[in-house]
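Reader: I would like a close look at one kind of contact in this model, the salt bridges, with a careful account of where the partners sit and how accessible they are. Please go on afterwards to whatever else helps to place them in the structure.

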Amino acid sequence: MEFFDNLPAMDLMRSEKMTFVQLIIPFESAHRAISYLGELGLLQFRDLNDDKSPFQRTFVNQVKRCGEMSRKLRFFKDQINKASLLPLTHPTLQPDIDLEELETQLAEHETELVEMNANGEKLRQTYNELLEFKMVLQKAGGFLVSAQSHKVTEDRELEENLYLNNDYIERASLLEQEMQPGPSNQAGLRFISGIICKSKILRFERMLFRATRGNMFFNQAPAEEYVMDPVLAEKVLSRLSELEATLDAGIRHRNTALNSIGSHLKKWTDMVRKEKAVYDTLNMLNFDVTKKCLVGEGWCPIFAKPQIQEVLQRATFDSNSQVGIIFHVMDAVESPPTYFRTNKFTHAFQEIVDAYGVARYQEANPVVYTVITYPFLFAVMFGDWGHGICLLLGALILIARERRLGSQKLGSFMELAFGGRYVILLMAVFSIYCGLIYNEFFSVPFHIFGLSAYKCRDSTCSDARTTGLIKYRDTYPFGVDPSWRGNRSELPFLNSLKMKMSILFGVAQMNLGIILSYFNARFFASSLDIRYQFVPQMIFFNSLFGYLALLILIKWCTGSQADLYHVMIYMFLSPTDDIGDNQLLWAQRPLQILLLLLAIVAVPWMLFPKPLILRKIHIERFQGRTYGLLGTSEMDLDSELGSARQRHEEFNFSEVLVHQMIHAIEFVLGAVSNTASYLRLWALSLAHSELSTVFYEKVLLLAWGFDNILIRLAGLAVFAFATAFILLMMETLSAFLHALRLHWVEFMGKFYFADGYKFRPFSFASLPEEDD
Amino acid sequence: MGFLITSLIFIVAGVIGALLARICCNRGPSGNLFHLTLVITTTVCCWMMWAIVYLAQMNPLIVPILSEG
């Protein structure tokens, strides 16, 4: 065991050592110090003011100003999007500007933009009115061409003074008309013309009919291009073109302004975001007694201490402060946050494990083994090297375009796939391996590794369909023999093989889990856990299921016909009976009785001693102190023994006993159910292989049997579609999910506490992006 | 090829993998130990898979019976 102590600490095995620190920052260097710390990103601040509302905090005004500025920036972004301008991405080498300057600049730009928009609106409205007037002239000119031509000039005057806009009629000039006696009345007609919405035409016509008691003539035409009277037209047209020119100039002016804003927009947005984050963090700090310094507390990893100290020194120097920043270590009451330094490869696996629960501070991290066993168990359920090659191509494409895809904003499904690209890569590689072992290439077996081990009994192969082939050579060297495909006895053979394989993998992985709990107990120096939890767990599990695994191996090696179900069940029901034909080992009956007794003894061993000894320790420790301090009755016993702190708390024996009983029962019952749960490895691999066979035989081969090229192409297309969507997508997700469940429940349930919290340092890099 | 010989081949492949990992990505003692763990886990998993399938076919209880047609 000293061998394990002498090994260096493994990279991801346990979380980084953290320390609780206190910072005392003089006021003038506070802002600079926090922004430098934000760039470093290795210190998690504790909120010392969380009992205050957001409006009672010190820097609430600055936060409000930042909020205003970000609102203005969002407004600019909207305007740029509406004007459909492409955002300029050329790097601007402008010098850094101050926050106050930025504020005034933004205010100026905003007023300018708002004014330009308002003017543009007014111009556009005038333009539209004039356009409508032009259309009225066109139509009315058409209607009245049939009227007497010498009245045309007066008519034109009339038209000039009248126009109608939706429901609004101007009658003033009609009245004037009536005052003038004369020849204009010869036609006996009054007329008005204008533009109206198409949907309101019927109502308008009816209203006119009622108003004029039926003495009216109504003509309408849709607004299109029409030939019209040149003189009036000229005036209107020139006015229109003036307005158009003005509008265009206005738009161009606005676009220039927007462009000039747009080139700075990203930089300004980043600046404002950072400033807001800095002020939010400053709000978490407290003023000390002298009111000249800010006091902050937080967690940082021990390896980061020199970096943080260097950053703080730089901040002091840059802000020309006389007093340095004090940075020292403190004791903390709560347990530290969990921090793993992952790279882009291990990050995805750590996320998978963290989705179940964040590791307790410094407990064994399952990721170390999950990196390999998770893709491996996926591959056991997915095993087909043709599909594996497709997955590999997909993963390689994602990895090759890593840089480009990483900076884009992707849809939610693509984002998941991109984030897990290394997981998919490993899954694909292992799938190819398992596919070679199962000997399935889109469900077709190949003779890659030599000749098959089976042949007909005689040269006529007469009984090949009744009694079958015989094994005449050594076993096929790598994987499943290709002779099995398509036989009547293929399924019984493969089922037996895969079920036993699942049990063996299950026993191996669960033993690994129990051994990891030993290493945890050893790390936290809890010999109680080792003696009264690890040892009985190992004994119970291996005397039953380890024995089953051993029997499986022996049956395979000797080729015995023993029925393992029978052996296991009667080991419990009547252990003293004669084993008879099912004998696999020498002295099997006494061995089974011994194992059964060991298992029975192990159950109370993992149930009773630990609570009793804990009670004894507690009584010894606080002997004679009848008036202990009142504390919480809830205790975390596993960490209590490891922590150095004295806790004057009540020891609730019944609660501890119940907790231990739950743990023991969960293990005992879980031993059976978890082992059976591993049979899903068999179930899914069977489903995958059967689906694959069906698509190959019933779609591709069937279509290929016809001579018609169209049917062949159609069959190929259906085969490709079915493979891509059902096998590659649905089966991948399904096997992904089941492998995940096997890891979370069966493997991590044996040793993982998962009651820690994640380390979230104050870092500019991890600020949320503004949503578009 | 025999069970033992192929198992030896797996062990040799594992050793070669560990050496390659040490040569290509030398990252200090803690990192190297992590890579070594990964290589050992891979070797054990792959060997187990192969060994199970091989052992199951060594002394078969049923033989392939061809189907009709």
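Author: In this predicted model, Glu310(A) and Arg314(A) form a salt bridge in which the closest N and O atoms are 3.9 Å apart, a separation that still falls within the 4 Å allowed between a side-chain nitrogen of Lys or Arg and a carboxyl oxygen of Asp or Glu. Both residues belong to helix H9 (residues 305-318) of chain A, and because they are four residues apart there, about one helical turn separates them. Glu310(A) has a relative accessible area of 45% and is therefore partly exposed, and Arg314(A), with a relative accessible area of 37%, is partly exposed too. Elsewhere, salt bridges that share partners join Glu68(A), Arg71(A), Lys72(A) and Glu110(A) into one network.

A second pair within a helix is formed by Asp280(A) and Lys276(A), whose closest N and O atoms are 3.5 Å apart. These two residues lie in helix H8 (residues 230-282) of chain A, where they are four residues apart, or about one turn of the helix. Asp280(A) counts as partly exposed, since its relative accessible area is 31%, and Lys276(A), at 31% relative accessibility, is likewise partly exposed.

The salt bridge between Glu297(A) and Arg46(A), with the closest N and O atoms 3.3 Å apart, has another setting, for this pair links distant parts of the chain, 251 residues apart. Glu297(A) is in strand E4 (residues 293-301) of chain A, while Arg46(A) is in the loop between strand E2 (44-45) and helix H3 (60-82) of chain A. As for accessibility, Glu297(A) counts as buried because its relative accessibility is 13%, a value under the 20% that marks the limit for buried residues, whereas Arg46(A), at 30%, counts as partly exposed. Over all chains, the structure holds 23 salt bridges.

Charged residues also appear around internal space. A search of the whole structure finds four cavities of 30 Å³ or more, and the largest cavity has a volume of about 100 Å³. Its lining divides into six nonpolar residues, one polar and five charged; among the lining residues are Glu440(A), Asp481(A), Arg485(A), Glu490(A) and Lys498(A), together with Tyr438(A), Asn439(A) and Trp484(A). Helix H16 (residues 490-523) of chain A gives the most to this lining, with three residues.

On the surface there is a patch of nonpolar side chains, formed by Phe413(A), Phe721(A), Phe725(A), Ile726(A), Met729(A) and Met730(A), which together have about 620 Å² of accessible area. Helix H24 (residues 709-747) of chain A gives the most to this patch, contributing five residues. Met730(A) lies in this helix, H24 of chain A, and is partly exposed because its relative accessible area is 45%; residues enter such a patch only with over 30% relative accessible area and no salt bridge.

A last reference point is His566(A), which is found in helix H18 (residues 564-573) of chain A and which, with a relative accessible area of 37%, is partly exposed. The C-alpha atoms of His566(A) and Ala724(A) are separated by 43 Å, the two residues being 158 residues apart along the chain.

Note on methods:
Residues numbered from 1 in each chain as written. Chains lettered and ligands numbered in written order. Predicted model: local features only at pLDDT ≥ 70, side-chain atom pairs only at ≥ 80, totals over all residues. Heavy atoms only, no water. Patch = residues over 30% accessible without salt bridge, like charges linked within 9 Å, V, L, I, M, F, W, Y side chains within 5 Å. Areas by Shrake-Rupley, 256 points an atom, 1.4 Å probe, with all protein chains shown as cover. Buried < 20%, exposed > 50% of the residue type's maximum accessible area, 1.4 Å probe, protein only. 1 Å grid on protein atoms, 1.4 Å probe; cavity = no way out; pocket = protein on both sides within 12 Å on 5 of 7 lines; lining within 4 Å. Points joined across faces, edges and corners; volume = space filled by probe spheres on them. Nonpolar A, V, L, I, M, F, W, Y, C, P; charged D, E, K, R; others polar.
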